[in-house]
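This briefing sets out the computed features of the structure shown below. It is arranged by topic for reference alongside the coordinates.

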Amino acid sequence: MKPTILTPEYLAILYTAFKQMPPFHEYTLPPASKIKFIVTKSKARYGRFDPDVLGIEISSASCGHFTTIQAVLLHEMVHLTLFLTKDPGWARHGTSFWKLKHKYAAFYNLDPKAI
């Protein structure tokens, strides 16, 4: 069996690193121990932020490469950040979402249209 970095433990490590780097270092995000990291097998979506359990889900069926896992985790971290800052549009991909998304896309040299 091929080893994978898509485990709750590795997601917690990546989350911990990303929350210390721009743009997330500007916010008071909870430690990884307070986030429920879930690996799903969903073919319907890459990832999801669940505010009810403060959880980030990422699909092993949709995310097989590190760059995809990274992009999806960062994407869900935007939803988490907006939720915690009480942004009324935290669940949507509106103006607040795109502003934060463009910040991390610039920092990580990612295509904002692809993430």
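N109 is placed in the segment after helix 3. The model described here is predicted. At N109 phi is near 55°, a positive value in a residue other than glycine. The residue has a relative accessibility of 69% and therefore counts as exposed, the cut-off being over 50%. As background, most residues other than glycine have a negative phi, and most peptide bonds are trans.

**Overall architecture**

- The protein contains 3 helices and 3 strands.
- In sequence order, these elements follow the pattern α-β-β-β-α-α.
- The radius of gyration is 13 Å, which agrees with the value near 13 Å for a compact globule of 115 residues.
- Along the principal axes, the C-alpha trace spans about 40 × 30 × 25 Å.
- Of the contacts between residues at least 6 apart in sequence, 47% join residues at least 24 apart.

**Surface and charge**

- Buried residues make up 43% of the 115 residues of the protein.
- The exposed area is about 6,800 Å², and 57% of it is supplied by carbon and sulfur atoms.
- There are 14 positive and 8 negative side chains in the protein.
- The centres of the positive and negative sets lie 2 Å apart.

**Strand 3 and its partners**

- Strand 3 covers residues 55-59, and 5 of its 5 residues are buried, so the strand is largely enclosed by the rest of the structure.
- G55, E57 and S59 point one way from strand 3, whereas I56 and I58 point the other way.
- Both of these sets are buried.
- Strand 1, residues 36-40, pairs with strand 3 in the parallel sense over 5 bridges.
- Within strand 3, S59 is the residue that stands opposite T40.
- Strand 2, residues 47-50, runs antiparallel to strand 3 and is joined to it by 4 bridges.
- The bridge partner of F49 in strand 3 is I56.
- R48 stands opposite E57, which belongs to strand 3.
- The hairpin of strand 2 and strand 3 has 4 residues between the strands.
- In that hairpin, L54 takes a positive phi near 50°.

**The loop between helix 1 and strand 1**

- P22 lies in the loop that connects helix 1, residues 8-19, with strand 1.
- P23 is located in the loop between helix 1 and strand 1 as well.
- The peptide bond from P22 to P23 is cis, with omega near -5°.
- P22 has a relative accessibility of 26% and therefore counts as partly exposed.
- Not counting residues up to four places away in sequence, P22 touches F107 and Y108.
- P22 and R45 are 23 residues apart along the chain, and their C-alpha atoms are separated by 26 Å.

**Helix 2 and the loop that follows**

- Q70 lies in helix 2, an element that runs over residues 66-84.
- With a relative accessibility of 11%, below the cut-off of 20%, Q70 counts as buried.
- Leaving aside neighbours within four places in sequence, Q70 is in contact with F18, Y108 and L110.
- Y108 is thus named among the contacts of Q70 and among those of P22.
- T85 is placed in the loop between helix 2 and helix 3, the latter covering residues 95-108.
- The relative accessible area of T85 is 42%, so T85 is partly exposed.
- T85 and C63 are separated by 22 residues in sequence and by 28 Å in space, C-alpha to C-alpha.
- K86 is found in the loop between helix 2 and helix 3.
- K86 has a relative accessibility of 72% and counts as exposed.
- The phi of K86 is near 65°, which is a positive value in a residue other than glycine.

**Backbone features in brief**

- Positive phi values occur at L54 in the hairpin of strand 2 and strand 3, at K86 and at N109.
- K86 is exposed at 72% relative accessibility, and N109 is exposed at 69%.
- The cis peptide bond described above runs from P22 to P23.

Notes:
Residues numbered from 1 in each chain as written. Predicted model: local features only at pLDDT ≥ 70, side-chain atom pairs only at ≥ 80, totals over all residues. Heavy atoms only, no water. Buried < 20%, exposed > 50% of the residue type's maximum accessible area, 1.4 Å probe, protein only. Helix = DSSP H or I, 4+ residues; strand = E, 2+ residues; numbered from the N terminus. Pairing = 2+ DSSP bridges. Rg over C-alpha atoms; globule rule 2.2 N^0.38 Å. Contact = heavy atoms within 4.5 Å. Areas by Shrake-Rupley, 256 points an atom, 1.4 Å probe, with all protein chains shown as cover. Lys, Arg positive; Asp, Glu negative; His and termini not counted. Charge placed at Lys NZ, Arg CZ, Asp CG, Glu CD.
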